[in-house]
Amino acid sequence: MKFLFVAGIVIFIGSIILIFTNYDTLNVERNGEVVKMRIEQLPKTCIGSKVRYFVTYSYEGEMYDKATRGDFCEKHYVGELIDMKFLEGSNTILRPDESAMLNLLSFAALGLLGAGISISQWKKMKKL
């Protein structure tokens, strides 16, 4: 019982940390503007779902890395201008159709699950 109590607390605290670390992504999604970024570097192939490949973009002399998967590398080329969502002062860039809300909702649900586990185990330990 004590293990589940501690595990629930760890899950709850971990989800709060994940929510705060992804706040910048949500800020870019809500307040960012769509700009044309130039592809500077592409991997030779992006095929495979388990490996994260990174594409390097440039905008106003600054370089930004963004993970990609699938057939992105086959469809695009170095030097191409791509629409990306950008917010001045942030290192995070997003694709125009990319959303951070699903991640935040998942982390919040995980936090509620952790809190529920801890509370139920705390009640059981209190009875004993």
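**View 1. Strand 1 and strand 4 are joined by six bridges in this predicted model.** Strand 1, which covers residues 33-41, and strand 4, which covers residues 81-86, run antiparallel to one another. One position at which this pairing can be followed is Glu 33, which stands opposite Phe 86 of strand 4. Strands of a sheet pair through backbone hydrogen bonds, either parallel or antiparallel.

**View 2. Five strands form an open sheet with antiparallel pairing.** Read across the sheet, the strands follow the order 3-2-1-4-5. Strand 3 and strand 5 stand at the edges, and because each has a single partner strand, one side of each is left without a neighbour in the sheet.

**View 3. Ser 58 lies in strand 2 and makes a polar contact with Glu 40.** Strand 2 spans residues 53-59, and within this strand Ser 58 counts as buried because its relative accessibility is 14%, below the 20% limit used for that class. Although Ser 58 and Glu 40 are 18 residues apart in sequence, their C-alpha atoms are 6.4 Å apart in space, and their side chains are joined by a polar contact of 2.6 Å. When residues up to four places away in sequence are left out, Ser 58 touches Met 37, Arg 38, Glu 40 and Met 63.

**View 4. Glu 60 occupies the loop between strand 2 and strand 3.** The backbone of Glu 60 has a positive phi of about 50 degrees, although this residue is not a glycine. With a relative accessibility of 62%, Glu 60 counts as exposed, because the value is over the 50% limit for that class.

**View 5. The largest pocket has a volume of about 370 Å³.** Its lining is made up of 14 residues, of which Arg 52, Lys 66, Ala 67, Arg 95 and Glu 98 are the closest to the centre of the pocket. Strand 3, residues 62-68, and strand 5, residues 93-94, each supply at least two residues of this lining, and the largest share, four residues, comes from strand 3. Sorted by character, the residues of the lining divide into six charged, four polar and four nonpolar. Both of these contributing strands, strand 3 and strand 5, also stand at the edges of the open sheet shown in View 2.

Definitions and conventions:
Residues numbered from 1 in each chain as written. Predicted model: local features only at pLDDT ≥ 70, side-chain atom pairs only at ≥ 80, totals over all residues. Heavy atoms only, no water. Buried < 20%, exposed > 50% of the residue type's maximum accessible area, 1.4 Å probe, protein only. Contact = heavy atoms within 4.5 Å. Polar contact = N/O pair within 3.5 Å; in protein donor to acceptor, adjacent residues only side chain to side chain. 1 Å grid on protein atoms, 1.4 Å probe; cavity = no way out; pocket = protein on both sides within 12 Å on 5 of 7 lines; lining within 4 Å. Points joined across faces, edges and corners; volume = space filled by probe spheres on them. Nonpolar A, V, L, I, M, F, W, Y, C, P; charged D, E, K, R; others polar. Pairing = 2+ DSSP bridges.
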